[in-house]
Amino acid sequence: MFELPKLNYDYDALEPFVDAKTMEIHYSKHHQAYVTNFNAVLEKYPTLQEMAAEDIIKNLNTLEVSEEDRKKIRNHGGGHINHTMFWELMGPTKKVNESLVGEIKTEFGSLESFKETFGKAAVGQFGSGWGWLVYDENKKLKIYSTANQDSPLTLGHTPLICLDVWEHAYYLKYQNRRADYVDAWWNVLNLL
Ligand code: MN3
């Protein structure tokens, strides 16, 4: 059984950039629902229950499951691992990853130009999804967005930074202003 991971900060710790009510609902309702539904679909697959959630999503396309269940695993398993990573990347205090910052500057010219490109990908994702910084299969840094709960792991990529741009992540505070949420979010990303 997968469980909701512990949140290492209080719901109001990311104020005013991410509001406490959004954090509470996002973590305790949305993420919990992904966990509950992921466990439900795995009930008939005991071997998958023994695997790490990340490995299940990495191997999504070759799992021996029905196509209907593959879709549920993609959505709910993806939802679980994506949110688990998202909570860990945020926090009230910076824990800057200097080596990643260095790689980003080398690849994108500056942190500002990285943020601009990443922000465009995240804001430009049509409908629900995520913005990503990943290592691709050649360990090259790449920025893109995915729809719904699709994970870069399924593409053989290694996610480094993720940003949830589903409306549930920002609507209470920012309504339709996704770009304002993305701009504010850099303040609570602890890696950069
Ligand atoms: Mn979400």
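This passage describes a sheet, the helices packed on it, and one loop residue.

The structure is a predicted model, in which local features need pLDDT of at least 70, side-chain atom pairs count only at pLDDT 80 or more, and totals for chains, interfaces and linings use all residues. Residues are numbered from 1 along each chain as its sequence is written, and side-chain values use heavy atoms, without hydrogens and water.

Strands of a sheet pair through backbone hydrogen bonds, either parallel or antiparallel. Here, 3 strands form an open sheet. Their order is 2-1-3, and the pairing is antiparallel. Strands (E, at least two residues) and helices (H or I, at least four) are DSSP runs, numbered from the N terminus. Two strands pair if DSSP finds at least two bridges between them. Strand 2 (141-147) and strand 3 (158-164) are the edge strands, and each pairs on one side only. Neighbouring strands are turned by 25° against each other on average, direction ignored. Axes are lines fitted to C-alpha atoms, for helices over the stretch in contact; angles run from 0 to 180 degrees between N-to-C directions.

Strand 1 (residues 129-135) pairs with strand 3 over 6 bridges, in the antiparallel sense. Leu133 has Ile161 in strand 3 as its bridge partner. Helix 5 (residues 98-108) packs on the sheet and touches strand 1, strand 2 and strand 3. Contact means heavy atoms within 4.5 Å. The direction of helix 5 makes about 90° with that of strand 2. Helix 6 (residues 111-124) also packs on the sheet, touching strand 1, strand 2 and strand 3. Its direction makes about 20° with that of strand 2.

Thr93 lies in the loop between helix 4 (67-89) and helix 5. Thr93 counts as exposed because its relative accessibility is 55%. Exposed means over 50% relative accessible area, buried under 20%, and partly exposed in between (1.4 Å probe, protein chains only).
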